[in-house]
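This briefing introduces the arrangement of strands and helices in one protein chain. Please look over the sequence and the structure before reading the points.

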Amino acid sequence: MYRYLTVRSDDRYGESVPVDVLVELLESVPGLRRTDLAFYEAEADLDWLHLALIASDGAGNYAVRKGKVPERVNMVELICSSGCPRAYENARALAVRMADALGWEVADPDADEVLQAGPTG
């Protein structure tokens, strides 16, 4: 099973940033490696984590394709193992780091709950 975390500007995905902003941030995270234009994952010796850079519609619907990356991103989806509490805590710490850098929020889409509000939340 998996756990998901979403980094977004708000529940309508109203703001976006150039993909380069997120690439620069993610390239500075130790143990994270880019596996495709829009995808990252944890190094093999770390807890399982996948991450996608996404351009969604206002309802949060999206499609990501190998070999393509949106010019602007309004969502980052983090996926980790539900069987490892440490994996979730590490994913949440990374999500908070991204949200803080962007002034966005971290949400748990399964629980329909905002875990960390943005500056206006």
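The points below treat the sheet, the helices and an aromatic pair in turn.

The model is a predicted one. Its seven-stranded sheet is open and its strands pair in the antiparallel sense. Two helices, α1 and α2, pack against each other with their axes 11 Å apart.

**The sheet**

- Strands of a sheet are held in pairs by backbone hydrogen bonds, and the pairing may be parallel or antiparallel.
- The order of the strands across this sheet is β3-β4-β5-β7-β1-β8-β9.
- At the edges stand β3 (32-36) and β9 (113-116), each of which pairs on one side only.
- From one strand to the next, the twist averages 30 degrees.

**Neighbouring strands β3, β4 and β5**

- A hairpin of two residues leads from β3 to β4.
- β3 and β4 (residues 39-42) run antiparallel and are joined by four bridges.
- Within this pairing, R34 is found opposite Y40 of β4.
- β4 also pairs with β5, again in the antiparallel sense, over three bridges.
- Here E41 has H50 in β5 as its bridge partner.

**How the two helices pack**

- Helix α1 covers residues 19-27 and helix α2 covers residues 85-102, and the angle between them is about 135 degrees.
- An angle between 115 and 145 degrees falls outside the parallel, perpendicular and antiparallel ranges, and α1 and α2 are therefore described as oblique to each other.
- The crossing of α1 past α2 is right-handed.
- On the α1 side, the contact is made by V21, L22, L25 and L26, which meet L94, R97, M98, A101 and L102 of α2.
- Sorted by class, this contact between α1 and α2 contains eight nonpolar residues, one charged residue and no polar residues.

**How the helices lie on the sheet**

- Helix α1 lies across β3, β4, β5 (49-54) and β7 (75-81), and its direction makes an angle of about 160 degrees with β5.
- Helix α2 lies across β1 (2-8), β3, β5, β7, β8 (105-108) and β9, and runs at about 165 degrees to β7.

**The aromatic pair**

- The structure contains one aromatic pair.
- The ring centres of Y2 and W48 are 5.4 Å apart and the ring planes are at 35 degrees, so the pair counts as tilted.
- Y2 belongs to strand β1, while W48 is in the loop between β4 and β5, so the pair ties together parts of the chain that are 46 residues apart in sequence.

Note on methods:
Residues are numbered from 1 along each chain as its sequence is written. This is a predicted model: local features need pLDDT of at least 70, side-chain atom pairs count only at pLDDT 80 or more; totals for chains, interfaces and linings use all residues. Side-chain values use heavy atoms; hydrogens and water are left out. Axes are lines fitted to C-alpha atoms, for helices over the stretch in contact, and angles run from 0 to 180 degrees between N-to-C directions. Angles under 35 degrees count as roughly parallel, over 145 as roughly antiparallel, 65 to 115 as roughly perpendicular and the rest as oblique. A crossing is left-handed if the near helix is turned anticlockwise from the far one by less than a right angle, and right-handed if clockwise. Contact means heavy atoms within 4.5 Å. Ala, Val, Leu, Ile, Met, Phe, Trp, Tyr, Cys and Pro count as nonpolar, Asp, Glu, Lys and Arg as charged, and the others, Gly among them, as polar. Two strands pair if DSSP finds at least two bridges between them. Rings of Phe, Tyr and Trp (its six-membered ring) pair if their centres lie within 6.5 Å; planes under 30 degrees apart count as stacked, over 60 as edge-to-face and the rest as tilted.
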